[in-house]
Amino acid sequence: MSLKGKSALVTGSTSGIGQAIAEAFAAAGCNVMLNGFGDAAAIETLRAGLAKKCGVKVEYDGADMSKPAEIAALVAKTNAAFGGVDILVNNAGIQYVAPIEQFPAERWDAIIAINLSATFHAIHAALPLMKAAKWGRIINIASTHGLVASAQKVAYVAAKHGIVGLTKVVGMECADTGVTCNAICPGWVMTPLVQKQIEARAKEQGIPVEQARRNLLAEKQPQLQFTTTEQIAGLALFLASDTASNMQGTQLVSDGGWTAQ
Ligand code: NAD
């Protein structure tokens with residue numbers, strides 16, 4: 001599919017799911033604004049490599065998604081660089097795992113800011129541009145944890161349920177504007193965010209990392225396989241396509257059977 005002439009802002013695209021989405025969009029001919037943290041040289045290698053390989057404009061901005069003013073500036077910078085923000089992928093996210101009594105208030109605030117409020121601020125800034133262009137795609141990376149809960153993830157589950165609700169409201173408000181707003185709900189995807197959880201569980205339980213990996217899948221996903229970052233990128237491409245133009249305020253789930261149970 002072609003996104004030639006379009007431009008996308010993908011938050012948290014220096015790693016994992018966001019990076020795969022940025023790569024897939026660039027490969028489809030879309031200009032891309034990268035965002036996220038990481039080693040400056042590695043990010044520049046990613047940026048320059050994508051631009052060269054795909055023949056599109058690729059820019060980077062290190063805006064901190066916990067800071068509303070930096071989010072507004074990121075959207076403005078994307079618009080200035082590419083002459084529009086056609087596609088907004090709200091993907092940046094963090095995790096913290098602990099029972100609620102031991103959950104640090106500061107981790108709650110950070111997760112709500114980055115995993116939930118950042119999506120509000122980015123849409124708030126980008127939607128007027130999309131409505132003026134009479135075309136836009138807002139793709140929110142939620143989670144199975146936007147649909148069901150797991151113990152010890154109070155902030156993450158609250159934020160992701162919030163994303164699913166926010167997506168419905170924005171979808172309703174975008175009806176008949178040429179803009180759609182939908183969410184993707186992945187189950188386990190092997191990225192640094194999940195690798196850290198597996199390593200913590202292996203240490204805590206005194207078991208090999210490979211066994212902790214298998215246990216993690218077996219607890220939730222009957223299919224016993226991780227969804228790949230490329231598969232999530234494929235769903236994002238689909239939501240950006242004309243085939244999905246009548247999908248509004250809904251969720252696409254790829255979770256190996258997790259939420260079918
Ligand atoms: P990841 O750790 O590989 O990538 C997270 C990205 O967000 C990185 O680029 C990081 O630099 C960026 N980021 C973190 N804090 C930021 C901040 N304050 N400002 C700007 N950027 C920031 O994680 P991932 O697994 O690719 O997760 C991406 C999204 O997918 C998250 O929203 C996550 O909740 C969601 N998700 C992941 C899984 C999974 O199993 N990996 C499942 C469901 C949903």
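Biologist: From which domains does the shell around the ligand draw at least three residues each?

Modeller: The model is a predicted one, in which local features need pLDDT of at least 70 and side-chain atom pairs count only at pLDDT 80 or more, while totals for chains, interfaces and linings use all residues. Residues are numbered from 1 along each chain as its sequence is written, and side-chain values use heavy atoms, with hydrogens and water left out. With bounds taken from an automatic or database domain assignment, the shell takes at least three residues from each of two domains, namely domain 1 (7-187 + 227-255) and domain 2 (190-226).

Biologist: Which residues of the shell come nearest to the ligand?

Modeller: A residue is near the ligand if one of its heavy atoms lies within 4 Å of it. There are 30 residues around the ligand, and those that come nearest are Ser15, Asn91, Tyr156, Val189 and Thr191.

Biologist: How many Å separate an oxygen atom of the ligand from an N or O atom in the side chain of serine 15?

Modeller: A polar contact here is a pair of N or O atoms within 3.5 Å. Backbone atoms also take part, since an oxygen atom of the ligand lies 2.7 Å from a backbone N or O atom of valine 189 and one lies 3.4 Å from a polar backbone atom of glycine 187. For the side chain of serine 15, the distance to a ligand oxygen is 2.6 Å.

Biologist: What percentage of the accessible area that the ligand has on its own does the protein cover?

Modeller: The areas come from the Shrake-Rupley method with a 1.4 Å probe. On its own the ligand has 830 Å² of accessible area, and the share covered by the protein is 94%.

Biologist: Which element gives the largest share of the shell around the ligand?

Modeller: The elements that give two or more residues to this shell are α1 (16-27), α5 (154-173) and α6 (192-205). The largest share, three residues, comes from α6.

Biologist: How many charged residues are in the shell around the ligand?

Modeller: Asp, Glu, Lys and Arg count as charged. The shell holds 16 nonpolar and 12 polar residues, and its charged residues number two.

Key:
Polar contact = N/O pair within 3.5 Å; in protein donor to acceptor, adjacent residues only side chain to side chain. Helix = DSSP H or I, 4+ residues; strand = E, 2+ residues; numbered from the N terminus.
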